[in-house]
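Q: Please take one strand of this protein and examine it closely, together with the strands beside it. I should then like to see how contacts between side chains are described elsewhere in the chain.

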Amino acid sequence: MTTTPPYLTGHYTPVVEEVTATGLTVEGTLPPELTGRLLRNGHNPKPGVTPTHWFKGSGMVHGIRLRDGRAEWYRNRWVQTPALDGAPYMTEHGPDLTASPAGTHVIEHGGRLLALCEANLPFELTPDLDTVGAYDFDGTLRTAMTAHPKEDPVTGELHFFASSPFPPFLTYYVSDAKGAITHSAEVPGATAALKHDFAITRSHVVFVEGNVTFDHTETSGIPYSWSDHQPSRIGVMPRGEDGARHTRWFSIEPGNMLHVSNAYEDGQGRIVLEGPTVDREGFRLSWNWWVGAPGRGSEPNARSYTRRWVLDLTAGTVDEQIIDDLPVEFPTINEDYTGAENRYQYAISFPDEKGFGGYGIVKYDRTTGARRIHQVGDARLPSEAVFVPAAGTAREDDGYLLTVVSDLKQNASQLLVLDAAGLDRIATVHLPHRVTAGIHGSWIPDTALEGSAG
């Protein structure tokens, strides 16, 4: 008997058609500064297609257009890549970087909307979510691009990397605010370990290599697995033209981290890095969910707890600890604090590996250690909570959290707008159908797309 894999059921059941709906119903009051688009990306294979791994499902971007207190439209579109029509990633000439699921993230940089998947080139979208095509930074990007670039809030530069299972294992890039690559460098000492996310501080770039590394025997189509022989490490590279040759690697406890919360230099010059991590058993339970194998956890992330590393570059030491016992993923912050010390950060809470506990939106106060949770309700799964600053704000948490909720009982979805300070609901936007539980997304203010239609 064939069973449906978990990534095609429940909250993750794919949407079967593209729709456009206008004049959406709003409960409460949308703040007028929310003038722009909330874009969400996630894996959504076409009807009749069962990918061998959750991450191989074709990307579908969902957009919600807000303007002047109104919810003007919702639309969803598959990213039209060669992979959507079945083109293989590996060819007789090597990998086809355009054969992308394009289902991990969607960002704006230099006035372009880019759908991202770490093994491929970005795909450019129009403001109405139609696909323009593969984007290679005017021919200057000849590798894949991480799905987790970091924009420096001071300079507007975009920092990103390419990770490969073959040399060069790690290549670092910087694009200026207009979208031109101004710097690239191979990072010495890197290995074939999976590098999904990274961090920047004001003075450094921080890479993380966990125990998950390239495995040519893995048959799911994502050739990685846990290895006790792969050292777990943090790489620290000074920012700047000559930084790569000064990269240092620090050994850390075994584990694997997919997503960074933030990193910064503290008052003593130490680098502080935080993010949810899994241990060996957590990775096994999560991977089995991702591939639909037996012995899996109840959720796509199992035993995922927030960890903090403090790297003393002078002493050459690393202090690390798990700082919370709540299973969480998809950490976010006020991105004006990217690379600087942040007091607040947010995440999505999940049931534990046995299914106990509920979904919620979590706020951490890193100064007091307080934790607050907005419970979204039974059978309701929120997406990654995107922070949008309020107009004229001075406080770090003065703003809004935007999250799209998948509601299985109602077979519906809503956009929730929460006050980021207290996690109180400000407004609800009702969407025309249930939105598949996704991966990552961004708030794109109109000012970032000036001159575009829509």
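A: Two strands are said to pair if DSSP finds at least two bridges between them. The model discussed here is a predicted one, and the part chosen for a close look is strand S14, which comprises residues 170-175.

Burial is considered first. A residue counts as buried when its relative accessible area is under 20%. In S14, six of the six residues meet this description, so the strand is largely enclosed by the rest of the structure. The covering extends to both faces: Leu170, Tyr172 and Val174 are buried on one side, and Thr171, Tyr173 and Ser175 are buried on the other.

The partners of the strand come next. Strand S13, residues 158-163, runs antiparallel to S14 and is joined to it by six bridges. One of the partnerships between them links Leu158 with Ser175 of S14. The connection from S13 to S14 is a hairpin of six residues.

S14 also pairs with strand S15, residues 181-186, in the antiparallel sense, here over five bridges. Within this pairing, Tyr172 stands opposite Ala185 of S15. Tyr172 is also one of the buried residues of S14. The hairpin of S14 and S15 has five residues between the strands, and in it Gly179 takes a positive phi near 105°.

Contacts between aromatic side chains form the second topic. A pair of aromatic rings is described by the distance of the centres and the angle of the planes. The whole structure contains 20 aromatic pairs. In one of them, Tyr12 and Trp289 meet edge-to-face, with 5.0 Å from centre to centre and 70° between the planes. This pair links distant parts of the chain, since Tyr12 lies in the segment before strand S1 (20-22) while Trp289 belongs to helix H1 (residues 280-291), 277 residues apart. Tyr12 and Trp289 are both buried.

A further pair, Phe283 with Trp287, is tilted, at 5.7 Å between centres and 35° between planes. Phe283 and Trp287 are four residues apart in helix H1, so about one helical turn separates them. Phe283 counts as buried because its relative accessibility is 6%; Trp287, with a relative accessible area of 10%, is buried as well. Tyr12, Phe283, Trp287 and Trp289 are among the members of one aromatic cluster, which also includes Trp54, Phe55, Trp226 and Trp290.

Charged side chains meet aromatic rings too. Arg75 lies over the face of Trp73, 4.1 Å from the ring centre, and Arg233 lies over the face of Trp249, at 4.1 Å from the ring centre.

How values were computed:
Residues numbered from 1 in each chain as written. Predicted model: local features only at pLDDT ≥ 70, side-chain atom pairs only at ≥ 80, totals over all residues. Heavy atoms only, no water. Phe/Tyr/Trp six-rings, centres within 6.5 Å; stacked < 30°, edge-to-face > 60°. Helix = DSSP H or I, 4+ residues; strand = E, 2+ residues; numbered from the N terminus. Buried < 20%, exposed > 50% of the residue type's maximum accessible area, 1.4 Å probe, protein only. Lys NZ or Arg CZ within 6 Å of the ring centre and 35° of its normal.
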